[in-house]
Amino acid sequence: MSNSGTIEWDYAPAPERIRPDISDEYGLFIDGAFVEPESGESFKTVNPATGQTIARVASAGAADVDKAVKAAKAAGGKWSRLKPTERAKFLFRIARRLQECARELAVLETMDGGKPICESRDVDLPLAAQHFFYHAGWADKLQWAFPGCTPRPRGVCGQIIPWNFPLLMAAWKIAPALACGNTVVLKPAETTPLTALHLARVFQEVDLPPGVVNILTGAGETGAAIVDHPGVKKIAFTGSTDVGRGIMHALASRDVPLTLELGGKSPNIVFADAAIDQAVEGVVSGIWFNQGHVCCAGSRLFVEESIVEPFVAALRERMGRLRVGDPLDKNTDVGAINSREQLNRIEALVACGQEEGAILHEINDDPLPKRGNWHRPCFFTGVEPSHVIAREEIFGPVLSVMTFRTPQEALRRANSTPYGLAAGVWTDKGSKVFDIAGALEAGVVWCNTYNKFDAASPFGGCKASGFGREGGRHGLRPYLNLRSSGA
Ligand code: ADP
């Protein structure tokens, strides 16, 4: 008990003890085997919580990309002609194997990316398995998904993913592609390559035919070489808006369908009639979940003016109870920032917010570890719509709190952004939910909740946040050529 009479919990460290089987070096996964890169180049992947090198990983050049695309093309004929129920069996096997080695993969995800083990264990891994289970179910029902059409696979799909949900993004992209009879060349982000490579081990364990999925590690040039390869018949990209624009430009003169899931500056709108404690929890998970490394992070909070004082007080109190620290500790809420570069960007934007006159609230003053990349969760009040922190994506645990007086003002301010990925609405009134949700310019709107994902639910943005959907029936469409049956 503290002097004030409130209970203060103090947890002993609870480190995760499972250690995954990590190699010192990883090759490229091409045609069912790990091979040395033609480029002869490699790079190291580092644990952002300790600064220690975990492993060296091959860097794929243009010749490696060519090899992988050819392997995927060669595998495509047989894979696409396989009975759909047989394709489904492979997806089911992958899902089950992911469940079996979920703990090791969760630890690996946390070591390579810095996210707390409770998130990789309870969110990333179950959802990754769910995406394979869910899409296994679609493999033999595609003609029912699109009545009147004869769905056919597109061929080799190039998939490029970021570092915030490395394994989940891989599952999210590979599972629908395979269910639809395509083959894949996937590139994970350069700071988080390991779980995709361990997923390749899973493919070997379940005897997925060689070449059906190829995993190429490398940086932006590797991604660009995948985009530019003429053998690639569909591109799916998740990452920054700038790179997404470049990819769109590169594909402008080619008949290659593209799905883009880009940045966001998502609003969370809290009305005075909302259940306040529930809304505070939602706002907390919306911005401080995964250190704010979520494209759809609720980084702009609009609170109805009449409740702003108690709401901000409750938010401060809740923020003060978040634990920042060792991501492998099961009690940690906020882990390490993925890279030094990302931390620099967050720090620069926080400094910019202070220079522009916003008030920084950063309560938790526990000392941060000396090594690694850390940023305490924080929020700003006194934020003007013109401030950089209210406009630019920060991709870190930094929230901008603003107020509104009428639903119309909330809507106008929430929509006043180039982005349109996600939004949240908090109110007790069902009619208000429908009015506001229908008028918000966002691909996903959560009502009285936030950051909830399901393989059956399509996800994607509008405006500068991209186009196309992933997940659900909508997510199958980009992976299919849909010719009318009569044609
Ligand atoms: P972030 O800012 O989240 O790191 P990026 O858009 O830079 O987002 O990276 C997302 C993914 O895109 C990573 O796998 C990265 O290597 C890849 N990438 C970066 N530049 C390019 C490019 N020019 N073409 C294709 N992929 C790229």
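**The largest pocket and the ligand**

At least three residues from domain 1 (25–262 + 464–484) and at least three from domain 2 (267–454) take part in the lining of the largest pocket. The model is a predicted one, and the pocket offers a place to start reading it.

The space in this largest pocket comes to about 1,200 Å³. Its lining consists of 41 residues, and those closest to the centre of the pocket are W163, G239, S240, E341 and Q342. Sorted by character, the lining holds 17 nonpolar, 14 polar and 10 charged residues.

Several elements of secondary structure can be followed into the lining. Two strands, strand 4 (41–46) and strand 10 (234–238), supply at least two residues each. Helix 8 (220–228), helix 9 (241–250) and helix 12 (340–355) likewise each give at least two residues to the lining of the largest pocket.

The next step is the ligand. It is surrounded by 17 residues, of which I161, W163, K187, E190 and S240 are the closest. W163 and S240 were already named among the residues closest to the centre of the largest pocket.

Three of the side chains around the ligand can be examined one at a time. In W163, a polar side-chain atom lies 3.0 Å from an oxygen atom of the ligand. For K187, the distance from a polar side-chain atom to an oxygen atom of the ligand is 2.8 Å. E190 also places a polar side-chain atom by a ligand oxygen atom, at 2.6 Å. The ligand taken alone exposes 550 Å², and 76% of that is buried by the protein.

Conventions:
Residues numbered from 1 in each chain as written. Predicted model: local features only at pLDDT ≥ 70, side-chain atom pairs only at ≥ 80, totals over all residues. Heavy atoms only, no water. 1 Å grid on protein atoms, 1.4 Å probe; cavity = no way out; pocket = protein on both sides within 12 Å on 5 of 7 lines; lining within 4 Å. Points joined across faces, edges and corners; volume = space filled by probe spheres on them. Helix = DSSP H or I, 4+ residues; strand = E, 2+ residues; numbered from the N terminus. Nonpolar A, V, L, I, M, F, W, Y, C, P; charged D, E, K, R; others polar. Domains from an automatic or database assignment. Near = heavy atom within 4 Å. Polar contact = N/O pair within 3.5 Å; in protein donor to acceptor, adjacent residues only side chain to side chain. Areas by Shrake-Rupley, 256 points an atom, 1.4 Å probe, with all protein chains shown as cover.
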